[in-house]
Amino acid sequence: PGLCARPFLGVVVDPRAAGPHTLVALRSLHRMLERGSLATAAGGSAGGGYGSDAGNGNGVGSSNGNGGVPTTAVARSPFGVSLEPLARGVLSCRFEQTDAGADEAVEMAIADLLGLLVDLDAAA
């Protein structure tokens, strides 16, 4: 995932994070993607394969020790993010359950974000 998305994904996958914190992280990722603050690139190999920076010289999409997950460079923005690792992070969401209402809101935010990722992938 892009540099800007990593801190939010860190909260999303942290099992020690409380539901309200996870909710804020999920909503933030949704807003950034929806408003175009994070340039997206669907698929894992459009930028030339694993760890490729597609020759843009700024290191976006370069190898980042993410376990061999393909990253795709997005030349138009320094805040590029590949959809695949973002979706994997959201699907691995873990949070400390606190209150049924708040936990339900987190689950809805997960569904909303995954829906947006599907829409962005279909549009690419």
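Hi everyone. I'll start with a crossing: helix α2 passes helix α4 in a left-handed crossing. Please keep in mind throughout that this is a predicted model.

Let me put some numbers on that pair. Helix α2 covers residues 19-34 and helix α4 covers residues 100-123, and their axes come within 9 Å, crossing at roughly 20°. That angle makes α2 roughly parallel to α4. So who makes the contact? From α2 we have Gly-19, Thr-22, Leu-23, Leu-26, Leu-29, His-30, Leu-33 and Glu-34. From α4 come Ala-105, Val-106, Ala-109, Ile-110, Asp-112, Leu-113, Leu-116, Leu-117 and Leu-120. Sorted by class, this contact between α2 and α4 holds twelve nonpolar, three polar and two charged residues.

Now a step back to the overall layout. The protein has four helices and two strands, and along the sequence they run in the pattern α-α-β-β-α-α. Of its 124 residues, 42% are buried. If you take contacts between residues at least 6 apart in sequence, 64% of them join residues at least 24 apart.

Back to α2, please. How does its length compare with what its 16 residues should span? At 1.5 Å a residue the expected span is 22 Å, and the end C-alpha atoms of α2 are 22 Å apart, which agrees. The buried residues of α2 are Gly-19, Thr-22, Leu-23, Ala-25, Leu-26, Ser-28, Leu-29, His-30, Met-32 and Leu-33. After the helix comes Gly-36, with a positive phi near 80°.

Two residues of α2 deserve a closer look. One is Thr-22, in helix α2. Thr-22 has 0% relative accessibility, and therefore counts as buried. Leaving out residues up to four places away in sequence, Thr-22 touches Val-11, Val-12, Ala-17, Cys-93, Arg-94, Phe-95 and Val-106. If you want a distance to check on screen, try Thr-22 and Phe-8: they are 14 residues apart in sequence, and their C-alpha atoms are 8.4 Å apart.

The other is His-30, also part of α2. Is His-30 buried or exposed? Its relative accessibility is 18%, and the cut-off for buried is under 20%, so His-30 counts as buried. With residues up to four places away set aside, His-30 touches Asp-112, Leu-113 and Leu-116. Those three residues are among the α4 members of the contact with α2.

On to α4 itself. Its 24 residues should span 34 Å at 1.5 Å a residue, and the end C-alpha atoms are 35 Å apart, which agrees. Buried in α4 are Asp-103, Val-106, Ala-109, Ile-110, Leu-113, Leu-116 and Leu-117. What covers these buried residues? The cover includes α2 and α3.

Leu-117 is a nice example here. Leu-117 sits in helix α4, and at 6% relative accessibility it counts as buried. Beyond its neighbours within four places in sequence, Leu-117 is in contact with Leu-33, Leu-83, Leu-86 and Ala-87. Leu-33 is 84 residues away along the chain, yet its C-alpha atom and that of Leu-117 are separated by 8.5 Å.

That leaves α1, residues 6-13. The axes of α1 and α2 come within 8 Å and cross at roughly 145°, and this crossing is left-handed. Here Phe-8, Leu-9, Val-11 and Val-12 of α1 meet His-21, Thr-22, Ala-25, Leu-26, Ser-28, Leu-29 and Met-32 of α2. By class, that contact has eight nonpolar residues, three polar and no charged.

And what about α1 with helix α3, residues 83-91? Their axes come within 8 Å, with a crossing angle of roughly 25°, and α1 and α3 are therefore roughly parallel to each other. Leu-9, Val-12 and Val-13 of α1 meet Pro-85, Leu-86, Gly-89 and Val-90 of α3. The α1 and α3 contact comes to six nonpolar residues, one polar and no charged.

To pull the threads together: α2 meets α4 with two charged residues in the contact, whereas α1 meets α2 with no charged residues, and α1 meets α3 with no charged residues either. Thanks for listening, and I'm happy to go back to any of these helices.

How values were computed:
Residues numbered from 1 in each chain as written. Predicted model: local features only at pLDDT ≥ 70, side-chain atom pairs only at ≥ 80, totals over all residues. Heavy atoms only, no water. Axes fitted to C-alpha atoms, helices over the stretch in contact; angles between N-to-C directions. Parallel < 35°, antiparallel > 145°, perpendicular 65-115°, else oblique. Left-handed = near helix turned anticlockwise from the far one by under 90°. Contact = heavy atoms within 4.5 Å. Nonpolar A, V, L, I, M, F, W, Y, C, P; charged D, E, K, R; others polar. Buried < 20%, exposed > 50% of the residue type's maximum accessible area, 1.4 Å probe, protein only. Expected span 1.5 Å × (residues − 1).
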